[in-house]
Structures are given as C-alpha cells and as structure tokens.
Amino acid sequence: TYTTYTKSREENKKTIESLYRLSVDIKKIRRLKEWVLLQDVAYVKEIAGILQEMGADEAAVANILERCPEAILHTPAEINSQRALWQLVCQNEKQLIKLIEQFPESFFTTEHHENQKANILFFQELGLKNNIITRFLTSAPNIFYNPVEKTKNVIETLQRNYLSLGGSDANMKIWILKLLSQNPFILLNSPNAIQENLEFLQKNGFTDHEVLHLLSKLKGFIFQLTPATMQKSMFFSKNVFKCSDQELKQLVLTCPALLYYSVPVLEERLEGLLKEGISIAQIRETPMVLELTTQIVQYRIKKLSALGYDIKSGTLESLNGTKKDFEVSYGKIQSKKERPIFNPVAPISIED
C-alpha cells in the first residue's frame with residue numbers, strides 16, 4: 001500500500017532521531033520496512049515508554065522496534081488497549097513483555113480489537129487454558145480477527161458432527177479442546193467446508209467410527225483439505241498399490257497421510273523410496289513410511305546401512321516413526337550387533 005508513493009517522500013527526521021536515541025539499527029529498518037520512516041506521524045518515545053513500563057530494557061526495546069518498526073505508527077491508546085487485552089491471558093507483565101519480544105508482529109496487530117477481545121473471552125468460556133490462548137495469540141493471531149459468531153459456528157459444527165459420528169457428550173468437551181490446541185487453524189474454515197469433508201469420507205465407505213478416528217489422527221488438518229484433493233490422493237494410492245476400495249480404506253486408516261498429502265508430495269516420496277531399492281509391496285506393508293520426507297528416509301537408510309542392516313530385504317518398521325522412535329529402533333539394532341556371542345558350553349582355551 002505504501003510503495004506507490006514512497007520514492008517521492010522524505011524520511012521523517014524526528015522519527016530517525018528518536019529511534020537513534022533508543023539505539024535502534026535504522027539501517028535494518030531502511031532495508032526491511034523503509035515506508036515506516038516516511039510517515040508524517042510516529043509515536044517512537046511513547047511506544048518505547050509503554051514497553052519500558054512493562055519491564056523491557058533498552059536492548060529489548062531496540063530489538064522489538066527493529067523487528068516490528070510499524071509499532072511506532074500505533075497510538076499509545078491503541079497499544080495500551082492491546083496491553084490490557086493480552087493481560088487477560090498473561091500471568092503478569094514479565095510474561096507479556098517476553099511474548100512481545102518473541103512475537104512483536106502478533107502483539108502490534110491492533111486491528112479487529114473488539115473481535116480479538118470477544119474471541120479471547122469465548123475461548124476462556126469454552127475451557128481453553130490461558131497458556132493455550134497465549135500460544136494462539138502468538139502463533140495463530142488471525143483466528144482472533146474473525147467475528148466471534150463465526151468462531152462459535154465452527155465450534156458448534158464440530159460438536160454436532162462429533163455427536164452424530166457416535167462421540168459421547170461426556171467426552172465432547174475434551175475432544176474439542178484437544179483438537180483446537182493441536183490445530184487452531186480449524187477455526188479459519190467455514191462450517192460448510194467442514195461438513196463437505198466429513199460427508200466425502202462417509203460417501204467413500206468410511207463408517208462413523210472410522211471418520212472420528214481419522215479426525216483425531218489427523219489433528220483436524222483434514223479440514224484444510226477439499227473433497228477434490230482427497231479424491232485425487234486416494235485415486236493415486238489405489239493405482240500405485242493396485243488395491244480394492246476396501247483395501248484402500250484400510251491403508252488410509254493405517255496411514256491418514258495418504259489422504260492428507262497431495263499427489264505431487266506422495267509421488268516424490270514414493271519415488272525416493274523406490275530409488276533406495278524399496279519395493280511397492282514393502283511400502284504397502286508399512287505405508288506410514290510415506291509420512292517421512294525423502295531426506296529423512298535417505299538419512300535413516302544410510303545410518304542403518306552403516307550397521308549392516310539391509311532395508312531392501314527387511315521390514316520398513318525400523319525406518320518408521322518420529323525421530324525418537326527411530327533412535328530407539330536404531331539403538332536396538334546397534335546393541336544387537338555389538339553384543340558378543342557367548343556360548344556357555346564352548347571349551348575355554350587356556351594358553352600353555
């Protein structure tokens with residue numbers, strides 16, 4: 001919005017001087033967001049004063065303004081309102097200033113103030129803990145910008161579907177809170193999109209119980225897909241593994257990544273595995289291996305090969321899982337290899 005007229009305007013000398021006094025790296029701002037320095041009105045001293053009041057030292061103030069120089073374009077009233085808003089979920093100002101240092105852009109987005117406040121209060125009513133809400137504010141701030149009615153609609157859609165899929169009233173609240181804490185971006189979807197995705201799974205033969213299982217397993221990321229992308233991924237898997245609809249369904253339940261990843265991603269990962277000499281039959285036996293990137297697969301195969309483990313003839317289980325899972329498998333194979341073979345009935349050789 002600012003680039004069209006920045007070249008014809010001069011930097012605001014008063015802003016430059018005020019920032020210089022605060023030991024702010026002005027060259028950095030010029031390089032990244034020069035338009036801030038061209039504005040006629042800025043509140044450098046005032047914003048720095050508010051930050052210092054909250055406990056920020058000189059270095060912290062300079063760091064915050066370098067990373068988010070547009071902070072100085074907000075009025076002190078706007079920043080104080082934002083301060084009061086974040087204090088609804090922060091234990092104290094020490095925690096608040098620490099969050100501002102780490103995520104200045106999130107804090108200094110003062111638009112949608114009323115929506116932000118209404119959503120925070122709704123999340124508290126819903127039972128989300130304040131530390132989870134602060135995590136949302138810093139890592140997913142845009143979920144607070146929508147009117148609270150939209151947020152409520154999405155939650156109601158999830159609750160209604162959870163019950164219709166066989167979930168119990170007693171567990172519903174825990175399920176919703178867990179789903180939100182795993183993936184707050186669910187709230188950016190429309191209730192209609194959520195409904196469509198669930199109906200797609202049901203039309204493709206997944207029982208209510210299985211749909212619920214996929215929802216939990218995919219941590220709500222299923223709502224960021226569309227029926228069209230899921231259809232393409234399933235069709236691709238069916239062709240690759242040459243399986244029936246029922247067999248495909250079992251593969252998807254074992255490895256929801258077959259539903260979640262797009263065809264180009266699945267193709268690339270499959271190609272990477274085949275290049276390493278792994279067969280389609282092995283992949284079909286352990287499809288979860290497709291959850292790993294090609295680089296991770298190559299690294300793990302290299303480590304296992306160094307121990308003399310032949311991945312082509314063995315199972316892919318040892319290749320599978322999180323970093324921690326792999327380290328456990330690797331450790332077991334390593335200790336097995338290093339363990340000396342002891343025969344209790346072998347004669348003891350004694351030197352003359």
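**Notebook: a first pass through the chain**

I started at histidine 112, which sits in the loop between α7 (104-107) and α8 (113-126). The model I am reading is a predicted one. Phi of histidine 112 comes out near 55°, a positive value in a residue other than glycine. I then looked up its cover: histidine 112 counts as partly exposed, because its relative accessibility is 40%, and the partly exposed class runs between 20% and 50%.

**Entry: a second positive phi**

I turned to serine 23, where phi is near 65°, again a positive value in a residue other than glycine. Serine 23 belongs to the loop between α1 and α2 (26-33). Is serine 23 buried, partly exposed or exposed? I noted it as partly exposed, because its relative accessibility is 44%.

**Entry: the chain as a whole**

I stepped back to the overall values. The secondary structure amounts to 20 helices and 0 strands. For the extent, I took the box along the principal axes: the C-alpha atoms fill roughly 90 × 70 × 45 Å. The radius of gyration is 28 Å, whereas a compact globule of 352 residues would have one near 20 Å.

I also checked how the residues are covered. Of the 352 residues, 43% are buried. The chain exposes about 19600 Å², and carbon and sulfur atoms supply 53% of that area. Next came contacts between residues at least 6 apart in sequence: 72% of these join residues at least 24 apart. For the charges I counted 43 positive and 41 negative, and their mean positions are 2 Å apart.

**Entry: glutamine 116**

I went back to α8, since glutamine 116 has its place in that helix. Glutamine 116 is buried, because its relative accessibility is 2% and the buried class ends at 20%. What does its side chain reach? I found the backbone oxygen of glutamate 111, at 2.9 Å. Setting aside residues up to four places away in sequence, glutamine 116 touches Gln82, Leu85, Trp86, Thr109, Thr110, Glu111, Phe144 and Tyr145. Glutamate 111 therefore appears twice in my notes on this residue, once for the side-chain reach and once among the residues touched.

**Entry: the segment before α1**

I looked at two residues here. Asparagine 12 is found in the segment before α1 (13-21), and glutamate 10 has its place there as well. Which of the classes does each fall into? Asparagine 12 is buried, because its relative accessible area is 15%. Glutamate 10 is exposed, because its relative accessibility is 67%.

The side chain of asparagine 12 reaches the backbone nitrogen of lysine 14 at 3.1 Å. Leaving aside neighbours within four places in sequence, asparagine 12 is in contact with Leu37, Gln39, Asp40 and Val41. For glutamate 10, not counting residues up to four places away, I have Leu37 and Leu38. Leu37 is thus on the list of asparagine 12 and on that of glutamate 10. I also took one distance: glutamate 10 and glutamate 93 are 83 residues apart in sequence, and their C-alpha atoms are 37 Å apart in space.

**Entry: leucine 187**

I found leucine 187 in the loop between α11 (169-182) and α12 (191-203). Is leucine 187 buried or exposed in that loop? It is buried, because its relative accessibility is 1%. Beyond its neighbours within four places in sequence, leucine 187 is in contact with Phe123, Ile143, Asn146, Lys150, Thr151, Val154, Ile155 and Leu180. I also looked up tryptophan 35, 152 residues from leucine 187 along the chain; the two C-alpha atoms are separated by 33 Å.

**Entry: helix α15**

I read through α15 (residues 245-254) and noted its buried residues: Leu248, Lys249, Leu251, Val252 and Leu253. In an α-helix, residues three or four places apart point the same way, because there are 3.6 residues a turn. What do the buried residues of α15 pack against? I listed α13 (208-217), α14 (227-241), α16 (257-260) and α18 (280-285).

**Entry: lysine 337**

I ended in helix α20 (residues 323-338), where lysine 337 is found. Lysine 337 is exposed, because its relative accessibility is 53% and the exposed class begins over 50%. How far apart in space are lysine 337 and leucine 307, C-alpha to C-alpha? I have 7.5 Å for this pair, with their positions 30 residues apart in sequence.

How values were computed:
Residues are numbered from 1 along each chain as its sequence is written. This is a predicted model: local features need pLDDT of at least 70, side-chain atom pairs count only at pLDDT 80 or more; totals for chains, interfaces and linings use all residues. Side-chain values use heavy atoms; hydrogens and water are left out. Helices (H or I, at least four residues) and strands (E, at least two) are DSSP runs, numbered from the N terminus. The radius of gyration is taken over C-alpha atoms; the globule rule is 2.2 Å times the number of residues to the power 0.38. Buried means under 20% relative accessible area, exposed over 50%, partly exposed in between (1.4 Å probe, protein chains only). Contact means heavy atoms within 4.5 Å. Accessible areas come from the Shrake-Rupley method with a 1.4 Å probe; for residues, only the protein chains shown count as cover. Lys and Arg count as positive and Asp and Glu as negative; His and the chain ends are not counted. The place of a charge is taken as NZ of Lys, CZ of Arg, CG of Asp or CD of Glu. A polar contact is a pair of N or O atoms within 3.5 Å; within protein, one must be able to donate a hydrogen and the other to accept it, and residues adjacent in sequence count only if both atoms are side-chain atoms.
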